[in-house]
Amino acid sequence: MELTDDDSDIDLHVEATSRLVEALVAAEGRMQRRINLLSEVVFEVDASGTIVYLNDAWLLLSGQPAAACVGQSIFDYFLDVDAEVLRQEMARELAQKTVRQARLSDKVGRVAWVNVALSHLPAGGFVGVLHDITEEKRIQDEVAKLSAVASATDNLVVITDAAGLTEWVNDAFVRRTGFDLAELVGRKPGALLQGPDSDWAAIQRLREAIVDQRSTQEELLNYTKAGEPYWVIIDLTPIRDAAGRVTRFISVQSDTTDRKWFEDQLLRQNAELEQGRIQMRKAVEAAEAANKAKSVFLANMSHELRTPLTGILGVSGALAQSALNAKQQELINLVSEAAKGLEAILTDILDFSKIESGQITLDLAEFNPSESMRNIANLMSVRIREKGIDFHVHFDDFLHGTFEGDALRINQILTNLLSNAVKFTEKGTISLSVTVTDAPQEPLGHCLRIDVIDTGIGFDAQTRARLFDRFEQADASFSRKYGGTGLGLPISANLATLMGGQIEASSILGEGSQFSVSIPLRWVKPPEIRKPDIVETISLAGLKVLLAEDNLINQRVVSIILEPHGVDLAIVDNGAEAVEAFVNGTFDLVLMDLQMPVMDGLEAIRRIRDFERAGGRDPTLISVLSANVAAEDQRRSAESGADGHIGKPFTPATLVGPIVELLDR
């Protein structure tokens, strides 16, 4: 069968139509793929709202596959209120596109905010686009909340976009700066607020924080619209969306102008105080230098005065032991008493100087108060009875125990009080009472109490008020009549205070006085059963003694005192000669002065001890014989290797006695 021309035309038309259909199908496929690439949801519904088409973005928004939702009502996926609004708009079949916000609920109940763009199709039904604005709504809500909080705070608050351009400021900011929101929107705050004295390094750090999208804090000087400077601490914080992108910055600024003003005032005051401290320090240093110079002078004076005193007391003591007639004995006694008075004055001045300069320290050790203080009472009893005064002494039995304290300073107080009583009492009695009591209120648990009562001249209340001031006596005529420095009581009061105690005085003018001292002590052990004293006489005959002394008078005085005892005495002039003599000889005792030329006594003692140790020898007895009698001098002597310390000036008794005790020990 042959084909006609009409048949050929039909075939061509069919072929063309087929190609057109294929092209349309291909175009539709390409369009479908492009629609599925969109992040927005594209949907088509019929006039009743039944879903005809959904692109793949529906899965991300609702959590459900698009194919599973086709054929269902679009209204089922919106909250009821929003679904009803959409239904009403579809019923109106408006020709123009409408856009509104609605809330979409997914299958797990999460609500997403979307912009709904809806267009009516000519053939019926609708096509629409859903754009997820959940994050934008969240940020808007947060900004609204921040704005509400920021509006209520007194701090200055600025909200900018991610580039740092102003979007919003609170009322406090407007009031403080004078700039309203219209002047700031779209501009960087610093462009209006920063001025000539603003810290450009801080400004640069703020700019870098915005670029780096991080938090920072800076203190900055800004200026108001009127040019008034003010200080703020700026806390800059980025605001991020769910994806971590910075969308805004919030700047909370605390006005620190008043604080800075107070700080500046404080700095100025501190500068003035520091200047005052510098001046005070210079004054203190000058005072310390003066005190040091005074101490050096007094120490040198002490040494220089004690040296001739040694000669006076030593020679007078030796003469007093020789055969003298009554007149000669009286003259020697006068010389001896005058020298002792001079020594007491010198000791008072040195002690008070040390107290003033804070150089007096306590030497705490175990001691027996009864033995220690009874010796003082026995020595003073001679002077008291020489004046024809009765002396009554009471010592508590508990005093025989062992306590911890500074026996030297306690004895010094007792000596001062008894000396004072003797000085101002012409007739009658002097009473001494020494007791130790339990004292739980005291930090050391026990209290030593010394009471000295006399029937002397006494004093009135006005005198009592200044009795413990330095260089004070009842009046100037007393100093002329009774002598002394007026330092005994101030020294005693200071020593009592140093030991944690106190001294009190009471008197009736013309009838007598009472001085009471309380000193806390630590109890060590109870009284021991006292055995009868066994007195042994130690002979010095044949004792080989090496004396190192640079003063010729003192050399002669020691020789005069020791020769009658049969001592074999060798004398050298300095420490170097003493070491040489010791190395080349044999001695039972070394008496060593401290201040000597060539080599001092401390160095000589150390070298002698080194020589003994190197040769494996037993140590020889060494006693310092020096005018340096301070506790520090005695400590340094003991540390160098000395066994004892005899102070200058000395009498025959105070030289021979310590030597005998040293040999006995």
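Helices α13 and α16 are roughly antiparallel, because their angle falls in the range that earns that label (over 145 degrees; under 35 counts as roughly parallel, 65 to 115 as roughly perpendicular and the rest as oblique). Helices here are DSSP runs (H or I, at least four residues) and strands likewise (E, at least two), numbered from the N terminus. This is a predicted model, in which local features need pLDDT of at least 70 and side-chain atom pairs count only at pLDDT 80 or more, while totals for chains, interfaces and linings use all residues. Residues are numbered from 1 along each chain as its sequence is written, and side-chain values use heavy atoms, with hydrogens and water left out.

**Helix pairs**

Here are the helix pairs, with axes being lines fitted to C-alpha atoms over the stretch in contact and angles running from 0 to 180 degrees between N-to-C directions.

| Pair | Angle | Axis distance |
|---|---|---|
| α13 (407-423) and α16 (488-498) | about 150 degrees | 9 Å |
| α17 (552-562) and α21 (652-664) | about 70 degrees | 10 Å |
| α18 (575-584) and α19 (601-615) | roughly 20 degrees | within 9 Å |

Back to α13 and α16: α13 passes α16 in a left-handed crossing (the near helix is turned anticlockwise from the far one by less than a right angle; clockwise makes it right-handed). On the α13 side the contact (heavy atoms within 4.5 Å) uses R409, Q412, I413, N416, L417 and N420, and these meet G488, L489, I491, S492, L495 and A496 in α16. That's a mixed bunch: six nonpolar, five polar and one charged. For the record, Ala, Val, Leu, Ile, Met, Phe, Trp, Tyr, Cys and Pro count as nonpolar, Asp, Glu, Lys and Arg as charged, and the others, Gly among them, as polar.

With α17 and α21, the angle makes the two helices roughly perpendicular to each other. α17 goes past α21 in a right-handed crossing. V558, I561 and L562 from α17 touch P652, L655, V656 and I659 from α21, and the split is seven nonpolar, no polar and no charged.

As for α18 and α19, their angle makes α18 roughly parallel to α19. The crossing of α18 past α19 is right-handed. G575, V579, F582 and V583 of α18 make the contact with A604, R607, I608, F611 and E612 of α19. Sorted by type, the residues are six nonpolar, one polar and two charged.

**A pocket and a cavity**

Now for the empty space, found with a 1.4 Å probe on a 1 Å grid over the protein atoms alone: in a cavity the probe fits but cannot get out, a pocket is an open set with protein on both sides within 12 Å along at least five of seven lines, and lining residues have an atom within 4 Å of a point. Volumes are the space filled by probe spheres set on the points, which are joined across faces, edges and corners.

The second largest pocket has a volume of about 420 Å³. Its lining counts 22 residues, with P189, G190, Q194, L206 and I210 nearest the centre. Two or more residues come from each of β6 (156-161), α8 (190-193), α9 (200-212), β8 (216-223), β9 (229-240) and β10 (246-255). α9 gives the most, with five residues. By type, the pocket lining has 13 nonpolar, seven polar and two charged residues.

The structure also holds two cavities of 30 Å³ or more. The second largest cavity encloses about 30 Å³, and F43, I74, F78, L86, M90, V116 and L118 line it. Elements giving two or more of those residues are α4 (80-92) and β4 (111-120). This cavity's lining divides into seven nonpolar, no polar and no charged.
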